[in-house]
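The following exercises concern a predicted model. Each task is followed by a solution in steps.

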Protein chains: 2
Amino acid sequence: MTSRSVSKGPEHPVLDEVGLVTVLSALAEPTRLRIVCMLAEREGERAWKDIDLPIAQSTLSHHLKILRNAGLLLNRTEGTRCFVSLRDQELESRFPGLLETVLNCRDR
Amino acid sequence: MTSRSVSKGPEHPVLDEVGLVTVLSALAEPTRLRIVCMLAEREGERAWKDIDLPIAQSTLSHHLKILRNAGLLLNRTEGTRCFVSLRDQELESRFPGLLETVLNCRDR
DNA sequence: TTCGATGATCGACGATCATCGAACATTCGA
DNA sequence: TCGAATGTTCGATGATCGTCGATCATCGAA
């Protein structure tokens, strides 16, 4: 058990215990919707520092926490760096079509 | 022009001028989501008084106003009575699949 | 071991929100 | 004309939210 310390990192909810209202609330904010959009543009992870928005670092951390608590994204810690990614597969089975539909509606 | 007074009634937004965040915000509240759900259950209009929720009448009026401003529903006044209905057709062309997907996600 | 970097958390601020009762406007019926 | 019914608006209240700077905890590198 001398594996590289998993360093517990942030907590993620079980998607079955996340309500629709929670997800909608998380998405119903311009900055957060933009983040989700950005993550959906490309497959896989995104480095924390690549999320380049005109907001304070603590504010970004706050928004990511809300998205995380809503089950929308996954936060992985590697050393001192962080990587985020969409939980799109799980979301699809818990809220079928929701993420794709919302993202599609935004592109207009 | 002696037609039955249209009694201007509440104002409704043009859907093209309604943003996605506005719609999501309107749906991201338990009482309002419930109202939309209720309206979707059956085709056509619903009488104001048929919306039976454990909230004050002024609070219901408030929520209906928010839903109306988000382009989600239509308010028709007939004399002193009011009738509400979903703008589902228009919503479908402005936000394809959104309403149906959200309602479908809730039924779980 | 110490230091710099990275992100989370804290505390505070003003803004917005959901809620209510009261007052109001409009309409129909007596 | 008067009064009851219906729904909107107003004002107030307590809660939540987005935002920030400051601080803290953790980790890798020197």
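**Exercise 1.** Determine which side chains of chain B have N or O atoms in contact with DNA strand C, and state the kind of DNA atom involved.

*Solution.*
Step 1. An N or O atom in the side chain of H63(B) lies 2.3 Å from a phosphate oxygen of DNA strand C.
Step 2. For R32(B), a polar side-chain atom is 2.8 Å from a phosphate oxygen of the strand.
Step 3. S58(B) reaches a base instead: an N or O atom of its side chain is 3.1 Å from a base oxygen of DNA strand C.

**Exercise 2.** Characterise the protein surface near DNA strand C.

*Solution.*
Step 1. The strand is surrounded by 22 residues, and S61(A), T80(A), A56(B), T59(B) and H63(B) are the closest.
Step 2. By class, these residues comprise eleven polar, six charged and five nonpolar.
Step 3. At least two residues each come from helix 3 (57-69) and strand 3 of chain A, and from helix 3 (57-69) of chain B.
Step 4. On the DNA side, sugar or phosphate accounts for 68% of the strand atoms within 4 Å of the protein, and bases for the rest.

**Exercise 3.** Describe the largest pocket and its lining.

*Solution.*
Step 1. The volume of the largest pocket is about 250 Å³.
Step 2. Its lining consists of 14 residues; nearest the centre are A40(A), E43(A), L86(A), D88(A) and L99(A).
Step 3. In chain A, helix 2 (30-41), strand 3 (81-86), helix 4 (88-94) and helix 5 (98-106) each give two or more lining residues. Helix 4 of chain A provides the largest share, four residues.
Step 4. The lining divides into six nonpolar, five charged and three polar residues.

Terms used
Residues numbered from 1 in each chain as written. Chains lettered and ligands numbered in written order. Predicted model: local features only at pLDDT ≥ 70, side-chain atom pairs only at ≥ 80, totals over all residues. Heavy atoms only, no water. 1 Å grid on protein atoms, 1.4 Å probe; cavity = no way out; pocket = protein on both sides within 12 Å on 5 of 7 lines; lining within 4 Å. Points joined across faces, edges and corners; volume = space filled by probe spheres on them. Nonpolar A, V, L, I, M, F, W, Y, C, P; charged D, E, K, R; others polar. Near = heavy atom within 4 Å. Polar contact = N/O pair within 3.5 Å; in protein donor to acceptor, adjacent residues only side chain to side chain.
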